[in-house]
2 protein chains.
Amino acid sequence: MERKQPLSGKVRLTEVAQLAGVSPITASRFFRNPNALSAGKRERVESAAKELGYVPNLAARALASHRSEVIGVLIPSLTNNVFADMLRGVYDASDGGRYSVQLANTRYSNFQEERLLRIFHGQKPAGLIVTGINQTPESRAVMRNMNCPIVQVMEIGPEPIDMMVGFSHSDAAFAAVSHLIERGYTRIGFVGARMDPRGQRRFDGYRDAMKAASLFNQRYVITTLSPSTVPLGGILLSDLVTKAPDIDAVFCINDDIALGVLFECQRRQIAVPEQLAIVGFNDLEFMGSAVPSLTSVRTNRYEMGRKAIEMLTAAMDGHPPQERVVDLGFEIMARGSSLPRRT
Amino acid sequence: MERKQPLSGKVRLTEVAQLAGVSPITASRFFRNPNALSAGKRERVESAAKELGYVPNLAARALASHRSEVIGVLIPSLTNNVFADMLRGVYDASDGGRYSVQLANTRYSNFQEERLLRIFHGQKPAGLIVTGINQTPESRAVMRNMNCPIVQVMEIGPEPIDMMVGFSHSDAAFAAVSHLIERGYTRIGFVGARMDPRGQRRFDGYRDAMKAASLFNQRYVITTLSPSTVPLGGILLSDLVTKAPDIDAVFCINDDIALGVLFECQRRQIAVPEQLAIVGFNDLEFMGSAVPSLTSVRTNRYEMGRKAIEMLTAAMDGHPPQERVVDLGFEIMARGSSLPRRT
DNA sequence: TGCCCAAATGACACCGCTACCATTTTTTGA
DNA sequence: TCAAAAAATGGTAGCGGTGTCATTTGGGCA
């Protein structure tokens, strides 16, 4: 007696072809390019596949075709909300499609990134999403070898490997600091943690804006390489007010730091924004709820993920997008923590 | 015609074996079970692989061996920090090992969960991690069919499908509310959002603790099915104080809600904890930094992910753990927002 | 009607690795 | 010392699809 395996799929393409009365290769074509079959065979194969509950063996397909249907995604951190938001866009946009997402975590290490890229290279992915624009020459070499569309996300810059979706972190930071200057603040501090390449460029934007207004002063700057957390924001503010008690505003490298700064101000009874204005970066959901509500720079992280997948799938399907670099921009969300300074 | 692709540097197992002076099958064994080789050949194969930069072709391996080296992970949300923390543990523990992680997002939908399980089923994963204990009978049936070790994470309960790592959400909530009662609070509200199965059980813990002290009052409860966010915490508190102005404490279903509640208190000039004590759940990093610092229930989310992978790999390697249900417990982190009530 | 070209279909080999079993070498023990 | 058992190694045959042709079929047009 025959043991039925309704889900484990002992059904191969050959069985489908047999039932449909065609050759295996024709059945194979049905799944890759249905329009290549005549209407009659198309229907026969379709119903045969359905009847048998055929599930293609992806490993066999990948082996024979020299390509998988995997989109590799490299991000530096899973903890950071910013990447989680982007990932959500990636998963939402790829959901239901034929490509599956394979995630890998570089932990902000170029060495890890290179290693992971080599692994992906071995899998022959259909597409690749990498974070940022600061890949090592070796990483770039591996990617150029990979023979699949690639999108760099989170930021844009010159010399895309293939495609890009993001925004200019330095422009965004420049705009945020300019906002503070317009509002009448002059002794504006910079509070930075992690200082990854994007953080670095936010600092550049801060510095340029300050220099443009002849307000730059190294004393106002405090940074650390430690991962940014809310508690760290408090610690850094403490250090900064010790070092530069005259500051009247701070631009924080991200919202976690900004929240830590706000809490530290509450603890020290520093009035926000009367004694110290605060501006964050990313506009996480809590920024609008804080007391006072915190000014931040909105970035379209979810859209970045979506757009990256859209560009990738378009390219994989043979329609590479016209615009290879997409700027999703940013928006200054002016709130209570940066009200115009009272003179 | 030659079918060979000019794919640069295509190193196959055969090349490695040739350089090492062994047969391909021996080289193959090196990667699966190095101890099966004699010391001399083991070293030769190892250095040959390194020299050529060999990367195994996973598709070929999966096809030939009838099993993939993929661990499927099903989580309900990418936005929620709680799952991101667990995932970090998963990725950290599986990093460098032979298994790769395949993530899928159920979006809190049983239907999606079922669908994704069927897809995983077709890929013959080496192991599976699913969130929670509320799978539908259909989902459980698919999993039982899957013939691989399975770990349910985030909570524990009766009737594990295979293995479990987590803690009791109702016990944790019970302890948190008991903490408030011990500190002298009596009119304790419950602020809940999303109300997924785990949220539901936290409510159960709250209700049981209140009933045990004869303090339960439906008026003190406010819940919504909307996803929990910081702003929502503020809105819900507003509703609650309107409905029950006499409350002297709130137990929040998670820390995001708790933060929103704190901000709303600051906005309304409600003194914390003098007029209203606050307790959250999960102990996210910002809880200790807030002003006042916020009491919460620490849960070992990162450890959950790690442990799940450890149990899975142990089982896959033929050493199923003795304890099939692991309770990682919780800890009440008593802070400023729940100081003993002044009488 | 006949010719030609494009569309539809099929034959065959092979992708890179491992299961299975056969064979050789080494170790063990009486 | 030598046979038997164990360990190490190798040969063969696919796993389940698809690339690359070659071949058949069908339709348009002079």
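**Exercise 1. Find which side-chain atoms of B:Arg32 and B:Tyr54 sit by a phosphate oxygen of DNA strand C, and at what distance.**

Step 1: start with B:Arg32, where an N or O atom of the side chain is 2.3 Å from a phosphate oxygen of DNA strand C. Step 2: go on to B:Tyr54, whose side chain has an N or O atom 2.4 Å from a phosphate oxygen of that strand. Both fit a polar contact (a pair of N or O atoms within 3.5 Å; within protein, one must be able to donate a hydrogen and the other to accept it, and residues adjacent in sequence count only if both atoms are side-chain atoms).

A quick note on the source: this is a predicted model, where local features need pLDDT of at least 70 and side-chain atom pairs pLDDT 80 or more, while totals for chains, interfaces and linings use all residues. Residues are numbered from 1 along each chain, chains are lettered from A and ligands numbered from 1 in written order, and side-chain values use heavy atoms, without hydrogens and water.

**Exercise 2. Work out how many residues of chain A and chain B are in contact, and find a salt bridge.**

Step 1: count contacts (heavy atoms within 4.5 Å); 45 residues of chain A meet 45 of chain B. Step 2: look for salt bridges (a side-chain nitrogen of Lys or Arg within 4 Å of a carboxyl oxygen of Asp or Glu); the rule gives four across this interface. Step 3: pick out B:Arg107 and A:Asp95, whose side chains form a salt bridge at 3.7 Å, N to O. Step 4: add the polar contacts, 11 residue pairs between the two chains, both residues at pLDDT 80 or more.
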